[in-house]
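Subject: Structure handover

Hello,

Here is the structure I said I would pass on. The sequence and the coordinates come first, and my notes on them follow.

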Amino acid sequence: MRILLISMFVFSFLLNSDSQELDFHDAFLENFQNSKPEFFRYGSTGRKANFKWKSGKKAKETDDSKILSFKIDPREVAGPGKGPEIISNKFTHFGSYATRLKVPDPRGVQPNVGAVVGYFTYHNDPEKGLSEIDFEWLLADPEVIYMGTWTGESGKLIRVGRTINLAKGIIYTTEYREDHSKTREKLTGSSQNFPEKIEAIEGFDASAQFHTYGFDWQPDRIRWWMLHPTTADTVVLWDYKGERGIPQHPSKYRMNFWHTNNWSVETNSKSLEKPKERFEVKVDWMGYRPF
């Protein structure tokens, strides 16, 4: 009991130390009803073009509510952060995160486009390293979802990740990797690879309608999930409780849309082309509730 109390005191002290240095968000729901978001700032490092983002835009799919619109610039260079991106005004930490969004469908116009929609937390601390948790969709195949984390110091980053095809009920990979050492390790066991099978959602397509996605971040566990488009039940995509790869320090809450020329979707190795049109991501809302 004495050891437990000491451990709790140390953990509490560390959190309080962070709180003294950083400014944290309380629970919020950003519904993008106004031209200036309440809880986010625009943070693109790419070309300055007004069309790249708009908050408070009307959308026929969301009835009377308004959305955040991201449009990719065909003239933009490749790279994360170059396209439209929003970043939380304050830090977030352990808690429940959720969003409702719809990715664009370029397949009828440009089936080999190289473009990524990212929903994630990210902060690279100079002393503690990277803290990132992500959902990602590559437009060339909106049936495929990527999820995972990045931790560690620059040049020695660690990834735990899972790639699935939700329409077909396929888990392509669940793995641990260290790019600097070329380490690749398949994750197994109930703590690292749950669920072991994914039930297909017939007709799932991230570009066909708005879907609600989320992740619950705890010190020893991260659970990625979505709401079933028909039943609204919670579908667990990955419940990771491994000893490696769970970020521990605070991060910033983000959404972005960017061109990639070196990462193709799992099902189409040719999907690296520069976007030819202003494809549009639509975000209904983003929420956060700290634990």
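**Core**

Leaving aside residues up to four places away in sequence, W137 touches L101, V103, A115, V116, V117, Y119, V144, I145, A206 and Y213. A second core, of 7 residues, lies apart from that of W137, and V116, L138, V144 and Y146 are among its members. Please keep in mind that this is a predicted model. The largest nonpolar core comprises 51 residues, and W137 and W224 are the ones with the most contacts inside it. As general background, nonpolar side chains in soluble globular proteins tend to be buried together.

**Sheet**

An open sheet is built from 9 strands, in the order β2-β5-β16-β7-β8-β9-β10-β11-β12, with antiparallel pairing. The edges are taken by β2 and β12; each has a single partner strand, so one side of each has no neighbour in the sheet. Direction ignored, neighbouring strands of this sheet are turned against each other by 20 degrees on average.

Strand β8, residues 129-138, is a good place to begin a walk through the sheet. Of its 10 residues, 10 are buried, so β8 is largely enclosed by the rest of the structure. Its pairing with strand β7 (residues 115-125) is antiparallel and runs over 10 bridges. Within that pairing, V116 has L138 of β8 as its bridge partner. The connection from β7 to β8 is a hairpin of 3 residues.

With strand β9 (residues 144-152), β8 forms 7 bridges, and the two strands run antiparallel. One of the residues involved is E132, whose bridge partner in β9 is W150. Here the hairpin that joins β8 to β9 passes through 5 residues.

Further along come β10, β11 and β12. Strands β10 (residues 158-165) and β11 (residues 170-178) run antiparallel and are joined by 8 bridges. I158 has E178 of β11 as its bridge partner, and I164 stands opposite I171 in β11. There are 4 residues between the strands in the hairpin of β10 and β11, where G169 takes a positive phi near 70 degrees.

Strand β12 (residues 183-186) runs antiparallel to β11, and 4 bridges join them. E178 appears again in this pairing, with T183 as its bridge partner in β12. The hairpin of β11 and β12 has 4 residues between the strands, and K182 takes a positive phi near 60 degrees in it.

**Aromatic pairs and charges over rings**

Counting rings whose centres lie within 6.5 Å, the model has 22 aromatic pairs. One of them is formed by F28 and F40, and it is edge-to-face, with 5.8 Å centre to centre and 80 degrees between the planes. F28 belongs to strand β1 (residues 28-30) and F40 to strand β2 (residues 40-42), so this pair ties together parts 12 residues apart in sequence. Are these two rings buried or exposed? F28 counts as buried because its relative accessibility is 7%, and F40 counts as buried at 3%.

F40 also forms an aromatic pair with Y253, which is tilted, at 5.6 Å centre to centre and 50 degrees between the planes. That pair links distant parts of the chain, since F40 is in strand β2 and Y253 is in strand β16 (residues 252-259), 213 residues apart. Y253 is buried too, with a relative accessible area of 0%.

Two charged side chains lie over aromatic rings. The charged end of K252 sits over the ring of F91, 4.8 Å from the ring centre. R278 lies over the face of F51, at 3.6 Å from the centre of that ring.

**Where to start**

If you open the model with little time, I would look at W137 and its place among the residues with the most contacts in the largest nonpolar core. After that, β8 can be followed out to β7 on one pairing and to β9 on the other.

Regards

How values were computed:
Residues are numbered from 1 along each chain as its sequence is written. Side-chain values use heavy atoms; hydrogens and water are left out. Rings of Phe, Tyr and Trp (its six-membered ring) pair if their centres lie within 6.5 Å; planes under 30 degrees apart count as stacked, over 60 as edge-to-face and the rest as tilted. Buried means under 20% relative accessible area, exposed over 50%, partly exposed in between (1.4 Å probe, protein chains only). A charge sits over a ring if NZ of Lys or CZ of Arg is within 6 Å of the ring centre and within 35 degrees of the ring normal. Two strands pair if DSSP finds at least two bridges between them. Axes are lines fitted to C-alpha atoms, for helices over the stretch in contact, and angles run from 0 to 180 degrees between N-to-C directions. A nonpolar core is a set of buried Ala, Val, Leu, Ile, Met, Phe, Trp, Tyr and Cys residues joined through side-chain atoms within 4.5 Å. Contact means heavy atoms within 4.5 Å.
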